[in-house]
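Here are my notes for anyone opening this model for the first time. Have the structure on screen as you read, and take the points one by one.

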Amino acid sequence: MSKIEDFLTTVQEQVIIKAIEVAEKNTSGEIRVHIENNTELPPLERALEVFHLLEMEKTNLRNGVLFYVAVESKKFAILGDEGIHTKVTENFWDAEKELMLSYFKKEEFSKGIELAILEVGNKLKEFFPYQLGDTDELSNEISRG
Ligand code: CA
Ligand code: CA
């Protein structure tokens, strides 16, 4: 893994944004992806900081999910807001992290992120179904640190 500039191609980035759109047609949950080069912090701790920097707590149902990747540090985390945490078990996040890791090991980063996003969308559908009149509360664009 090198730097964030090389982490995703333009095409891969579009594929991920598309996956977020698809996932958000299943659920009122809002998914974001943030990538940066380095962090000194444990990834989940840094993900929490980024979550607040991106004001991801500003969803009606507190159901934002952040996919966080520190490229050079080779760390990543998935963080769900409190609305989600009361519904899903720790096993769910572990399973998604395992899925991502299995692709990251093959350096198929975008594939791992894409598939995990789609699975999270499917899972959130159970608890936070998509509803008519849904708004895009959080941007689907990938943010960079
Ligand atoms: Ca939405
Ligand atoms: Ca969105």
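1. Let us start with Lys 87, which sits in the loop between α4 (82-85) and α5 (90-104). Please keep in mind throughout that this is a predicted model. Is Lys 87 buried, exposed or partly exposed? With a relative accessibility of 43%, Lys 87 counts as partly exposed, because that value falls between the 20% limit for buried and the 50% limit for exposed.

2. Next, look at what surrounds Lys 87. Not counting residues up to four places away in sequence, Lys 87 touches Phe 127 and Phe 128. The C-alpha atoms of Lys 87 and Leu 124 are separated by 9.1 Å, and these two residues are 37 apart along the chain.

3. Phe 128 also leads us to Thr 27, since the side chain of Thr 27 reaches the backbone oxygen of Phe 128 at 2.7 Å. Thr 27 belongs to the loop between α2 (10-23) and β1. The side chain of Thr 27 also reaches the backbone nitrogen of Gly 29, at 2.8 Å.

4. How much of Thr 27 is accessible? Its relative accessible area is 0%, so Thr 27 is buried. Leaving aside neighbours within four places in sequence, Thr 27 is in contact with Gly 121, Leu 124, Lys 125, Phe 128, Pro 129 and Tyr 130.

5. Now to the sheet, which is a good landmark for finding your way around. It is an open sheet of 4 strands in the order β3-β2-β1-β4, with mixed pairing. β3 (75-80) and β4 are the edge strands, each pairing on one side only.

6. Strand β1 deserves a careful look. Of its 7 residues, 7 are buried. On one side these are Glu 30, Arg 32, His 34 and Glu 36, and on the other Ile 31, Val 33 and Ile 35, which leaves both faces of β1 covered.

7. Which strands does β1 pair with? One partner is β2 (residues 64-70), which runs parallel to β1 over 7 bridges; here Val 33 stands opposite Phe 67. Between β1 and β2 the chain passes through helix α3 (residues 43-53), in a right-handed β-α-β crossover. The other partner I would point out is β4, parallel to β1 and joined to it by 2 bridges, with His 34 opposite Ser 143.

8. The metal sites come next, beginning with the calcium ion (ligand 2). Which residues coordinate the calcium ion (ligand 2)? Glu 24 (OE) is listed twice, along with Glu 30 (OE), Asp 136 (OD), Leu 138 (O) and Asn 140 (OD1), at 2.2 to 2.6 Å. The angles among the 6 donor atoms run from 53 to 172°, and the site is irregular.

9. The spacing of these donor residues in sequence is E-x5-E-x105-D-x1-L-x1-N. Glu 30 lies in strand β1 (residues 30-36) and Asn 140 in the loop between α6 (109-127) and β4 (143-144), so this pair ties together parts that are 110 residues apart in sequence. Both Glu 30 and Asn 140 are buried.

10. The calcium ion (ligand 1) has its own set of protein donors: Glu 30 (OE), Asp 134 (OD), Asp 134 (OD) again, and Thr 135 (O), at 2.1 to 3.0 Å. Along the chain they follow the spacing E-x103-D-T. Here too distant parts of the chain are linked: Glu 30 is in strand β1 and Asp 134 in the loop between α6 and β4, 104 residues apart.

11. How do Glu 30 and Asp 134 stand in terms of accessibility? Glu 30 has a relative accessible area of 1% and is therefore buried. Asp 134, at 27% relative accessibility, counts as partly exposed.

12. Finally, which residue coordinates both calcium ions? That residue is Glu 30, and the calcium ion (ligand 1) and the calcium ion (ligand 2) are 5.5 Å apart. If you want one place to begin your own tour, I suggest Glu 30, which also lies on one of the covered faces of β1.

Conventions: Residues numbered from 1 in each chain as written. Chains lettered and ligands numbered in written order. Predicted model: local features only at pLDDT ≥ 70, side-chain atom pairs only at ≥ 80, totals over all residues. Heavy atoms only, no water. Donors = N, O, S within 2.8 Å, 3.2 Å for Na, K, Ca; no water. Tetrahedral: all angles 85-135°; square planar, octahedral: opposite > 155°, others 65-115°. Buried < 20%, exposed > 50% of the residue type's maximum accessible area, 1.4 Å probe, protein only. Pairing = 2+ DSSP bridges. Right-handed = clockwise from strand over helix to strand, strands pointing away. Polar contact = N/O pair within 3.5 Å; in protein donor to acceptor, adjacent residues only side chain to side chain. Contact = heavy atoms within 4.5 Å.
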